[in-house]
Each structure stands twice: as structure tokens, then as C-alpha cells.
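Let's take a walk through the empty spaces inside a protein. Have the sequence and the 3D view ready, and we'll start with a space that is closed off.

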Amino acid sequence: MILDRYIMREIIKPTVAVCSILVFIFGCYMATRFLVDALSGQLPGTTVFILILLRIAIALEVLLPTTLYLCVVVALGRLYKDSEMTALFACGVSLGRIFRPVFYTAVAIAVVVASLSLFIRPWAYKQYYRIKANAEANFDLTRMNDGMFYETKNGARVIYAEEVDHQKDEAERVFIRTERDDALQVIFAKQAHQSLDPASGKQILVFSDGYLYEFSRTGVEGRVIQFEQSAMPLEPKENLRLKYRVKAAPTGALVRSSDSEEIAEFQWRLSTPLATILLALIGVPLSRSSPRQGKYAKITTAVVVFAVYYNLSALTKKWVERGILDTIPGIWWTQLLLAGVLLVLLWQPTMAFRRRGK
């Protein structure tokens with residue numbers, strides 16, 4: 001038990017530290033992406049922080065297994081460097097005895113990864129898509145800057161204002177183009193401001209001194225209307241229809257699905273905790289090195305192994321989604337490949353000992 005606790009502590013401590021650093025780096029990277037949208041007025045500043053947290057929750061299912069795997073290699077590599085592993089083997093401790101605390105740690109992390117992959121990740125994706133869609137559909141005049149074009153509803157509406165007064169929440173010389181199913185509507189007004197409609201309680205854009213142009217897509221002539229004041233309702237949040245995305249689908253809805261894309265997503269969610277355990281176990285034989293090599297001797301090899309596995313998994317998932325590969329075995333062959341790598345790494349030291357005995 002003392003040996004188990006010692007090895008588990010050597011693995012968990014760097015795992016927590018490295019994972020925290022990776023989360024911070026990933027959060028900074030996502031912040032740079034979202035802040036560009038915030039500065040250009042496409043996202044409210046208060047929304048950016050929530051989106052970053054959601055993206056971190058989504059990424060944890062990959063960051064945790066990766067960190068655990070690399071920390072197993074580094075932690076056991078440190079034991080090899082300091083000749084602690086040599087002393088343990090001299091005292092009769094087998095390699096299988098070293099696997100036990102690594103396996104316990106991997107199972108604990110795998111439970112967390114399973115919760116992230118099966119429940120938290122789809123929930124986070126759903127919230128992420130909803131917030132992004134609300135930010136795009138519910139236009140806010142106060143987020144606009146002078147002389148910039150803004151798209152909402154995936155380009156269905158384009159808004160431009162030559163001058164924006166943020167203190168008065170007004171805009172001068174406003175242009176709005178709205179695409180509908182069978183018509184194109186263009187509004188040009190000398191002035192516009194955003195307000196709350198007292199009757200409906202919804203946000204509206206009020207235009208002053210402008211023109212409305214409507215052009216039919218069916219070939220019928222359009223019309224031009226001059227107005228002194230006109231109001232355009234903005235899309236309310238409760239009427240917003242979110243596009244279905246399989247990443248945001250609840251896991252329960254994917255269990256009995258016959259769609260190849262949904263099957264691939266379900267298999268991916270199930271494979272992540274298994275991959276967590278397999279990668280951690282691979283780190284045990286992969287960390288084997290001589291004291292002269294140092295604890296980071298095998299880190300390059302470990303990174304290459306993970307990169308090949310992860311890219312193969314992602315590629316296989318795409319192939320299953322598109323019907324190039326059958327759903328059985330689906331993406332599970334990459335897990336079998338990972339298990340095969342573990343067996344090969346375990347077999348090599350055995351062969352080495354046999355050669356030395358001869």
C-alpha cells in the first residue's frame with residue numbers, strides 16, 4: 001500500500017499541475033478567438049467568459065487523458081532516472097506490481113472522463129451553440145462600431161452604420177439588408193435607435209427618415225416606401241430555433257440510433273474512458289529508460305504515439321460518420337490498436353530479459 005500511494009502521488013501531483021497549465025493555455029487561446037468577436041460587436045463582453053468556460057469543459061475529455069498519459073511517462077521516468085525502479089526490481093517488485101497503482105489512478109480519471117464525455121460535453125455543446133445563436137440573432141445596436149458591417153442569422157441580415165453614438169444608443173445613416181424566402185428587403189435610414197416595445201416587451205429597432213426597398217425573387221416588380229418613422233422587431237430568444245448538432249445530442253438519444261453519424265458520436269463518447277486507461281498503462285513500459293537518459297527520455301516517443309492514436313481516432317470517426325467504414329467495429333479498431341501497442345511494449349522487455357539470460 002505504501003508503494004501504491006507513493007507511485008499514485010508521483011503521478012497525480014504533476015497531472016493536476018500540468019492539466020491546470022493546459023487549461024489556462026487553452027482558455028487564453030479561446031479568449032483570443034472570442035475577444036475578436038467581442039471587439040467587433042458580434043458578441044457581448046459578458047458572454048465571452050461563459051463561452052470560454054464551456055469550451056474548457058468540452059476540451060477536458062481530451063486534456064485529462066493526455067495529461068495523465070504523459071505524466072505517467074514522466075513520473076516513472078523520474079523513478080528510472082533516480083534508480084528507484086532498479087532498487088524496486090532488486091527487492092522483488094515486479095513490473096505488474098507497478099501497473100497496479102497506475103491502473104487505480106487511470107480508473108479514477110476514467111470515471112471523470114466518462115462523466116465529461118457522456119454528460120457534461122454534450123450539455124456544454126448545447127449551451128455553447130445556444131449562446132452563440134442568441135448572440136447572433138438578437139442584435140444589439142450598442143455593440144456596433146462606426147463603419148463596420150455586422151451579420152446576424154448566418155448572413156441573413158447585414159447591418160451597417162456610418163456613425164454610432166454609444167452614449168445615446170443611436171446610429172446615423174443606417175443600412176440593413178434582410179434576406180427572406182422569396183424577397184430581399186433593404187432599409188436605409190438617416191437615424192436609428194434600439195428600444196423596448198412597451199406593448200410586447202421585446203427589443204425593436206426604430207428608424208427615422210428613411211426608405212424601405214423590397215425586391216421579389218420571383219420576378220415580380222418590387223416597391224419603394226418612404227417613411228418618417230418605422231420599427232423593426234428583433235428576433236426574440238424564445239423563438240430561436242437551434243440547428244441540430246450531433247455533438248450536443250444527449251447520450252440517451254444516441255443509444256438506439258441507426259444513423260451512422262450518431263453511432264460514431266456515441267462510440268467516441270464510450271471510447272474516451274477506455275482510451276484513458278489504455279494510454280496510462282502504455283505509459284508504464286514506455287517510461288522505461290536508463291538513469292543516464294533522464295526522466296524526459298521517452299517523452300518524444302510518448303507524444304508521437306499519442307498523436308498517431310488521436311489522429312487515427314478522429315479520422316476513423318469521420319469515416320464512420322460518412323459511411324466509409326462500417327459501424328461495427330466502427331472506431332473500436334483504434335482501441336484494439338492501442339491495446340496491441342500495450343502488448344508489444346510489454347513483450348519487448350520480456351524478450352530483452354530472455355536474451356540477457358542466454
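Start with the largest cavity, which has 15 residues lining it. To find it in this predicted model, look for Glu-61, Thr-272, Ala-275, Tyr-309 and Tyr-310, since these lining residues lie nearest the cavity's centre. How many cavities of 30 Å³ or more does a search of the whole structure find? Just one. The volume of the largest cavity comes to about 140 Å³.

Now, which helices build the walls here? At least two lining residues each come from α2 (45-81), α6 (260-286) and α7 (299-321). Helix α6 provides the largest share of the cavity lining, with six residues. Sort the cavity lining by class and you get eight nonpolar residues, six polar ones and one charged one.

Next, move on to an open space: the largest pocket, with a volume of about 420 Å³. Its lining is made of 18 residues, and the ones closest to the pocket's centre are Arg-121, Tyr-125, Lys-247, Lys-317 and Lys-318. Some helices will look familiar: α2, α6 and α7 are back, joined by α4 (95-137), and each of these four gives the pocket lining at least two residues. Which helix gives the most to the lining of the largest pocket? That's α7, with five residues.

What about the classes of residue in the pocket lining? There are ten nonpolar and eight charged residues, with no polar ones. Set that beside the cavity lining, where six polar residues and one charged residue turn up.

Conventions: Residues are numbered from 1 along each chain as its sequence is written. This is a predicted model: local features need pLDDT of at least 70, side-chain atom pairs count only at pLDDT 80 or more; totals for chains, interfaces and linings use all residues. Side-chain values use heavy atoms; hydrogens and water are left out. On a 1 Å grid over the protein atoms alone, a cavity is a set of points where a 1.4 Å probe fits but cannot get out, and a pocket is an open set with protein on both sides within 12 Å along at least five of seven lines; lining residues have an atom within 4 Å of a point. Grid points are joined across faces, edges and corners, and a volume is the space filled by probe spheres set on the points. Ala, Val, Leu, Ile, Met, Phe, Trp, Tyr, Cys and Pro count as nonpolar, Asp, Glu, Lys and Arg as charged, and the others, Gly among them, as polar.
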